[in-house]
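Please open the model in a viewer and keep the sequence panel visible beside it. The tour below proceeds by selection, with a note at each stop on what is found there.

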Amino acid sequence: MALRPGAAMRLSLERVGQVVGAGTHLYPLDLDLQPGAVTVLLGATQAGKTSLMRLMAGLDRPTQGSVRVDGRDVTGVPVRERNVAMVYQQFINYPSMTVYDNIASPLKLRREAGIEARVRELAARLHIGPYLKRLPAELSGGQQQRVALARAMAKAAPLMLLDEPLVNLDYKLREELREELAQLFAASDATVVYATTEPGEALLLGGYTAVLDAGELLQYGPTAEVFHAPRNLRVARAFSDPPMNLLAAEAGAQGVVLQPRAGQMAPAPLPLALPPGARGQLTLGVRSSDLHLAPQAGGLVLHGSVELAEISGSDTFVHVATPVGELVAQFTGVHRFELGAHLDLGLDPAQVYVFDASGALLLAPRRAGRAGGR
């Protein structure tokens, strides 16, 4: 179901920054969104995602820089003069209209044909079909949020901004709606900007991802590239759930040597081919899903003990105390681990990241179909 006819919008931000009082909400940044694609704004709370969206929508004016739509400077043009659909964390619906009329309102304004079929299709996709005759006040918060989502999609604006729209929904429904939204976005020619704190949501939805932290744009590009080759430690921390395991290390003559905790022995060096000139203190990163219960060819075995084991969905997460620090391992399926039990973790050198003393990426795991390790 295409959300609108016509060409996709190109939205560009040029050296846009935002200062409010004594606080900097956004440091100057450049961002040229891919038209007709989904861009995920990924970052923790107060990373700057909402501030950036408000500038895109025209709700706020940047302190510096310009906002361009299809090459035209629209800086300062108010939101009512722009063709934008926006969904906030807190739902906004017309309280005196039924669910049906809320969703149908933008379709009626455009005097479209087939309104009833469109409304029912959107309602079915967002699991609110049984509530079309109700008023918003008769719905739960999650149901009201889905009504707001359906109305935004019915508006079929060339720019759709969604600020953590699923955050108030329960876990199971969030998982279902993520897949529905991914399909809707894929069938749309709208330029979609979707803000989230969850890396998993970015991986599912994002053709492109912009990673934000404390008002700074850290990296922007195709989602898979940003995930597999984070520019620095700040990006790696933001784009990993559970958090990437980070271990102190040092460049040695035979590879990378992990630094042991006090009173512990250092394991054998990891045979990694670092870039020329790499030396001194390093940080080694490994994602929890890349730790194994079996030794890996040419890798390390880290001997440890179980500190915590928890089951989440179909995965098991185990916190393991090792000579080089505490690691979190993620195993597919339901596994039982006794607290304090001995556990060996296999570490494959082909699956680790290496960052230099400044936090910049030196080495990333090789990926199928890519030359080199970056």
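The stops that follow begin with the whole chain, continue through strands and helices, and end with individual residues in loops.

**The whole chain**

Begin with the entire chain, and bear in mind that this is a predicted model. The C-alpha atoms fill a box of roughly 75 × 45 × 45 Å along the principal axes. Colouring by secondary structure shows eight helices and 20 strands. Of the 374 residues, 49% count as buried. The accessible surface comes to about 17,200 Å², and carbon and sulfur atoms contribute 51% of that area.

Two further values describe the chain as a whole. Among contacts with a separation of 6 or more, 64% are accounted for by residues 24 or more positions apart. If the charged side chains are displayed, there are 35 positive and 36 negative charges, and the mean positions of the two sets are 7 Å apart.

**Strand 8, residues 191-196**

Next, select residues 191-196, which form strand 8. Six of the six residues are buried, so this strand is largely enclosed by the rest of the structure. In a regular strand the side chains alternate between the two faces of the sheet. Displaying the side chains of strand 8 places Thr191, Val193 and Ala195 on one side, with Val192, Tyr194 and Thr196 on the other. Both faces are covered, since every one of these residues is buried.

**The partners of strand 8**

Which strands run parallel to strand 8? Add residues 38-42 to the selection: this is strand 3, joined to strand 8 by five bridges in a parallel arrangement. Within this pairing, threonine 39 stands opposite valine 193, and leucine 41 has alanine 195 as its bridge partner.

Then add residues 159-163, which make up strand 7; five bridges join strand 7 to strand 8, and these two strands also run parallel. Here methionine 160 has valine 192 as its bridge partner. To follow the connection between strand 7 and strand 8, select helix 5, residues 171-186. Strand 7, helix 5 and strand 8 together make a right-handed β-α-β unit.

**Strand 3 and its other neighbour**

Return to strand 3 and show its side chains. Val38, Val40 and Leu42 point one way, whereas Thr39 and Leu41 point the other way. Five of the five residues are buried, so strand 3 is largely enclosed by the rest of the structure.

Now add residues 208-213, strand 9, which pairs with strand 3 in the parallel sense over four bridges. Threonine 39 merits a second look in this view: it stands opposite tyrosine 208 in strand 9, as well as opposite valine 193 in strand 8.

**From strand 3 into helix 1**

Moving along the chain, select glutamine 46, in the loop between strand 3 and helix 1 (49-57). Most residues other than glycine have a negative phi, and most peptide bonds are trans. Glutamine 46, however, has a positive phi of about 70°. Is glutamine 46 buried or exposed? With 76% relative accessibility, glutamine 46 counts as exposed.

Continue into helix 1, where Lys49, Leu52, Met53, Leu55, Met56 and Ala57 are buried. Just after this helix, glycine 58 takes a positive phi of about 95°.

**Alanine 152 in helix 4**

Select alanine 152, which belongs to helix 4 (residues 141-155). Its relative accessible area is 7%, under the 20% limit, and therefore alanine 152 is buried. Which residues beyond its neighbours within four places in sequence are in contact with alanine 152? They are Ala85, Val87 and Met160. A distance drawn between the C-alpha atoms of alanine 152 and alanine 85 reads 5.4 Å, although the two are 67 residues apart in sequence. Met160 also appears at an earlier stop, as the bridge partner of valine 192.

**Two further loops**

Select arginine 111, located in the loop between helix 2 (99-109) and helix 3 (115-125). This residue, which is not a glycine, has a positive phi of about 55°. Arginine 111 is exposed, with a relative accessible area of 79%.

Finally, select aspartate 241 and proline 242, which are joined by a cis peptide bond with omega of about 0°. Proline 242 lies in the loop between helix 8 (233-238) and strand 11 (245-252).

Notes: Residues numbered from 1 in each chain as written. Predicted model: local features only at pLDDT ≥ 70, side-chain atom pairs only at ≥ 80, totals over all residues. Heavy atoms only, no water. Buried < 20%, exposed > 50% of the residue type's maximum accessible area, 1.4 Å probe, protein only. Contact = heavy atoms within 4.5 Å. Areas by Shrake-Rupley, 256 points an atom, 1.4 Å probe, with all protein chains shown as cover. Lys, Arg positive; Asp, Glu negative; His and termini not counted. Charge placed at Lys NZ, Arg CZ, Asp CG, Glu CD. Pairing = 2+ DSSP bridges. Right-handed = clockwise from strand over helix to strand, strands pointing away.
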